[in-house]
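User: I should like to learn how to read helix packing and burial in a model. Could we work through one example together?

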Amino acid sequence: MNPESTLSCALPPGIAVTDFGDLTARAHPEPPHPYRSPFARDGARILHSRAFRRLAGKTQVFSRLPGAPPGDHMRSRLTHTLEVAQIARTAARALGLNPEMAEALALAHDIGHPPFGHAGEKALDHALAAHGLGFDHNLHALRIVTWFEDRYAGFRGLNLTLGVREGIIKHSRDYSSRSHPELVAYFLDARPPLEAQVIDLADEIAYLTADLDDGLGSGILALDQVLAEVPLFRRHYQGAIDAYPRTGSKQAVNEALRRILNAMVDDLLAEIVARVTLAGATTLAEIRRAPERLVALSPGMEAERKAAKQFLYASFYNSEGMEEVHRHGSQVIEELFGALLNNPGMLPADHQAQIPGEGLARTVADYIAGMTDAYIDELWSRICAR
C-alpha cells in the first residue's frame, strides 16, 4: 500500500472475529499463551512447518526455462506466499481487521499445492479422476494442517484455530454442505470472515504484479509487448517515466509495478469499505449473512485486472516455452502416479500405513503432492525414466 495515500479505509468497529462463536477454539484445547494471540500462534506454527519449508522448492509459474538452470530471481511458492502475506497483513491492519489472522491465512494459502504449479495440480486431479476422486489444494491444505504435520507430542497436525482452518478452506471458493458433509463444522452456508476473503484478492494482486515482473525478467515477455497490450501497465509505466524522465527502462518497470500494486491495494480497501457500508454490515455475523462476498476490486479495476490476467495467460503462462515446462510436469506426475499405484511397496512406511484408511490412489496422491519439484524429478528419473 502506498504510505503517502490519504485513503480513509477503516471499517466500522465490531467486525472482530470474536463476535461469531469462538473462532479461536482448537480441536485440542490448549492454555492461552502469555504474550501471543491465538492467530499469532497459528502463523508461527505454519511458518515452522515442513509443508511451509517445502514451498521453497515448488514452482509458482516456473523455476527454470527449458534447457536452463534454475532461475535465482524467479518466484517460488514460498516467495509468492511471503508477498501475499505482506499485502494481506497491510490490508487487514488498514481496515481495522485482525492482521495476525490474515497473515496466518496468507502463510497457509498455498501449502496444499503439489509440485509443478497449476500444471501439476491438473495432472494430479486427472490421475485421481480415474478412481472417482479429485485433487483440491485447499482441501489438501486442511489435511496437512490437521493430520500430516506431525511435530507435537500432544496431537497430530498443527492444532490451528477454527477460524484459520475455516479460512484455509474457504478463502478462495465456497463449498456446499451437500457435496462436502465432512466440512460441516466450517460454516459452509455462511460467508467467511473478511480476513479470509481478503486473502483471495491479495493473492491475485501479488501474482499479477509478480508474474509481469518474472515474465519480463525471463525474457518471455517483451516490454514493448506488455506496453501495447496491458493498459494498466502502460498507464503506470508512463507515470514512472513522467516522474523520473532520466531513469532506465528496468527501473521504470520496477516503479510501474510498484505503482500498480499500490493502486490495486488502495482500490481494494476503498471498495471493501464501500461494500460493507452499503450492506450495513457492522458485525461478523452480518458479514456471514451477506448475499455475496464483500471483498472485491471496483468494477473499473477488476476489468483492468482481468485484461492483464488474460494477457498473462495468452503470452506467458501458455506461451510456447512454458508449454514444454507444463508438459514435462504433467508427464512426471502421471507416470509416477501410475508406477506407485502398481507398486505401493515403493511408498514410505508412513504412507503405506495410510492405505487401509484412505485407499491406495489417495495415498499415492498425498505422497506426490508433498514433493518438491527437484525431488519428484529425481524420483521419476529413478523409477520411470530408466
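User: Is His236 buried or exposed?

Analyst: This is a predicted model, in which local features need pLDDT of at least 70, side-chain atom pairs count only at pLDDT 80 or more, and totals for chains, interfaces and linings use all residues. Residues are numbered from 1 along each chain as its sequence is written, and side-chain values use heavy atoms, with hydrogens and water left out. Burial is read from relative accessible area: buried is under 20%, exposed is over 50%, and partly exposed lies in between (1.4 Å probe, protein chains only). His236 has a relative accessible area of 14%, so this residue is buried. His236 belongs to helix 10 (residues 231-243); helices are DSSP runs of H or I with at least four residues, numbered from the N terminus.

User: Which residues does His236 touch?

Analyst: Contact means heavy atoms within 4.5 Å. Leaving aside residues up to four places away in sequence, His236 touches Ala256, Arg259, Ile260 and Ala263.

User: How should the packing of two helices be described?

Analyst: The description of two packed helices uses the angle between their axes and the distance between those axes. Axes are lines fitted to C-alpha atoms, for helices over the stretch in contact, and angles run from 0 to 180 degrees between N-to-C directions. Helix 11 (residues 249-279) and helix 13 (residues 299-317) pack at about 140°, with axes 10 Å apart. Helix 11 is therefore oblique to helix 13; under 35 degrees counts as roughly parallel, over 145 as roughly antiparallel, 65 to 115 as roughly perpendicular, and the rest as oblique.

User: Which residues make that contact?

Analyst: Helix 11 contributes Ala263, Met264, Asp267 and Glu271, and helix 13 contributes Pro299, Met301 and Arg305.

User: At what angle do helix 3 and helix 4 cross?

Analyst: The axes of helix 3 and helix 4 (residues 99-108) cross at roughly 160° and come within 8 Å. Helix 3 is therefore roughly antiparallel to helix 4. Thr81, Leu82, Val84, Ala85, Ala88, Arg89, Ala92 and Arg93 of helix 3 meet Pro99, Ala102, Glu103, Ala106 and Leu107 of helix 4.

User: Which residues of helix 5 are buried, and what covers them?

Analyst: An α-helix has 3.6 residues a turn, so residues three or four places apart point the same way. In helix 5 (residues 117-129), the buried residues are Gly117, Ala119, Gly120, Glu121, Ala123, Leu124, Ala127 and Leu128. Their cover includes helix 3 (77-95), helix 6 (137-148), helix 14 (320-342) and helix 17 (360-369).

Technical notes: Helices (H or I, at least four residues) and strands (E, at least two) are DSSP runs, numbered from the N terminus. The expected span of a helix is 1.5 Å times one less than its number of residues.
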